[in-house]
Amino acid sequence: MTVNEQRLMEFVHRFIGDLGATMAAGGIVIGDRLGLYRALAEGPALPEELARRTGTAPRYVEEWLRGQAAGGYVEYDAETGWYSLTEEQAFALTDPNGPIFAPGAFQLALGALRAEPRITEAFRTGSGLGWHQHDEDVFTGCERFFRPGYSANLVADWLPALDEVEEKLRRGVRVADVGCGHGASTVLMAEAYPASLFTGSDYHHDSVDQARKRAAEAGLDARVRFEAAGAQNFSGGPYDLVTTFDALHDMGDPLGAARRVRSQLAPDGTWMIVEPAAGDSVGDNLNPIGRVYYSFSAFLCVPSALSQEGGYSLGAQAGEEPIRRLVTDAGFTRFRRAAETPFNIVYEARP
């Protein structure tokens, strides 16, 4: 074997970077759970001071800060020994309700990785692993990962991009949020459109329980309800708007779900499908975002689909054409790309 030393070292540098990032994920989740980032955002601190602010052990905090500084997540002043956060670091690390919240993504990643032994076995056998079989951090991390993007875009950009939908929502219509998880998207829409009624559904009972708590905390009980139901059998139509957020590609029978949506829609209704941003070919997705989505997909999306009946396993990088085919095969006559961000594409389907 002839090895090109320069290319080998380039690969070694990449692997070292990935190894550091992998281990750093745990530190980021710890920093969030213990309030270390939020406390550091109050002002620069030595390790001892940050430990006092957070009620933590100074030696652990010292090592944590060093690793965070090495990774570029906090700043270090070599002359004074003080650590601090820039405005940008604090923006992305301290506000779970902001448009970017990095700790939620790492919580989801660590939760997914806890299933590694079972995913390894699934690789051998071709079996699936249901969403409900994952660690609790997958469910909580998923909400905390996706909610910032929904908060930034759903009401401001995505719903207004649909034909006549926002006007209907303001007048008052019935909406079904299918595959709602913890209900972040449902609650956001209900808060923005007080004249409309919302029903969220998800097959995962524990997530539905959490969604009900979220709605109650927001004072939305009178206009928002949740049911434990799969996408192929949710009920309560006809609806003027049905939404699915980052969920269709996880289903073993997305065609059955599309047909169910079609049957539950009013004649002039709309189905809004939000999916991960992806091109139609593998080559289109060989980039940092594609890498994130393919990696999550191998642990979460494909195993989830393969655990269900239906014969599909689209994965998180399916692209537009498979979604278009599903929608068309289900009887919809109009389909278009309505909006997009670096992380999501929003499709509009009409009967």
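This passage describes aromatic pairs, salt bridges, buried residues and selected contacts in a predicted model.

Residues are numbered from 1 along each chain as its sequence is written, and side-chain values rest on heavy atoms, with hydrogens and water left out. Because the model is predicted, local features require pLDDT of at least 70 and side-chain atom pairs pLDDT 80 or more, whereas totals for chains, interfaces and linings use all residues.

According to the UniProt annotation of an unreviewed entry, residues 171-277 are covered by "domain: Methyltransferase"; such positions are given in the numbering used here, feature names are shortened, and annotations may be inferred rather than shown by experiment. The span of residues 171-277 is 32% helix and 33% strand, and its end C-alpha atoms lie 31 Å apart. Helices (H or I, at least four residues) and strands (E, at least two) are DSSP runs, numbered from the N terminus.

Helix α10 (residues 184-192) is mostly covered, with 7 of its 9 residues buried. Buried denotes under 20% relative accessible area, exposed over 50%, and partly exposed the range in between (1.4 Å probe, protein chains only). The buried residues of α10 are Ala184, Ser185, Thr186, Val187, Leu188, Met189 and Ala190. Their packing partners are α8 (136-158), β3 (174-178), β4 (197-202), α11 (205-217), β5 (224-228) and β6, where contact means heavy atoms within 4.5 Å.

A search of the whole structure yields 11 aromatic pairs. Rings of Phe, Tyr and Trp (its six-membered ring) pair if their centres lie within 6.5 Å; planes under 30 degrees apart count as stacked, over 60 as edge-to-face and the rest as tilted. One of these pairs, Tyr150 with Trp158, is edge-to-face, at 6.1 Å centre to centre and 65° between the planes. Tyr150 and Trp158 are both buried. A tilted pair is formed by Trp271 and Phe332, with 5.4 Å between the centres and 35° between the planes. This pair links distant parts of the chain, 61 residues apart: Trp271 belongs to strand β7 (residues 265-276), and Phe332 to the loop between α14 (320-329) and β8 (334-340). Trp271 and Phe332 are likewise buried. Phe145, Phe146, Tyr150, Trp158, Phe245 and Phe296 form one aromatic cluster.

The search of the whole structure also finds 26 salt bridges, each defined as a side-chain nitrogen of Lys or Arg within 4 Å of a carboxyl oxygen of Asp or Glu. In one of them, the closest N and O atoms of Asp18 and Arg291 are 2.6 Å apart. Asp18 lies in helix α1 and Arg291 in helix α13 (residues 288-306), so this salt bridge ties together parts that are 273 residues apart in sequence. Asp18 is partly exposed, with a relative accessible area of 28%. Helix α1 (residues 5-33) also contains Ala24, which counts as partly exposed at 30% relative accessibility. The C-alpha atoms of Ala24 and Gly67 are separated by 7.5 Å, although the two residues are 43 residues apart along the chain.

A further salt bridge joins the side chains of Lys168 and Asp268 (3.5 Å, N to O). It links distant parts of the chain, with Lys168 in helix α9 (residues 165-171) and Asp268 in strand β7, 100 residues apart. Lys168 is buried, at 11% relative accessible area, whereas Asp268 is partly exposed at 40%.

Within helix α14, the side chains of Glu321 and Arg324 meet in a salt bridge of 3.3 Å, N to O. Glu321 and Arg324 are separated by about one helical turn because they are 3 residues apart in this helix. Glu321 is partly exposed, with a relative accessible area of 31%, and Arg324 is partly exposed at 28%. Salt bridges that share partners join Glu320, Glu321, Arg324, Arg337 and Glu340 into one network. Glu320, also in helix α14, is buried with a relative accessible area of 10%. Beyond residues up to four places away in sequence, Glu320 touches Asp280, Phe335, Arg337 and Tyr347.

Asp250 is located in the loop between β6 (239-245) and α12 (254-264). Asp250 is buried yet has no salt bridge, and Arg118, the nearest side chain of opposite charge, is 16 Å away; Lys and Arg count as positive and Asp and Glu as negative, while His and the chain ends are not counted. With residues up to four places away in sequence left aside, Asp250 touches Cys301, Ser304, Ala305 and Gln308.
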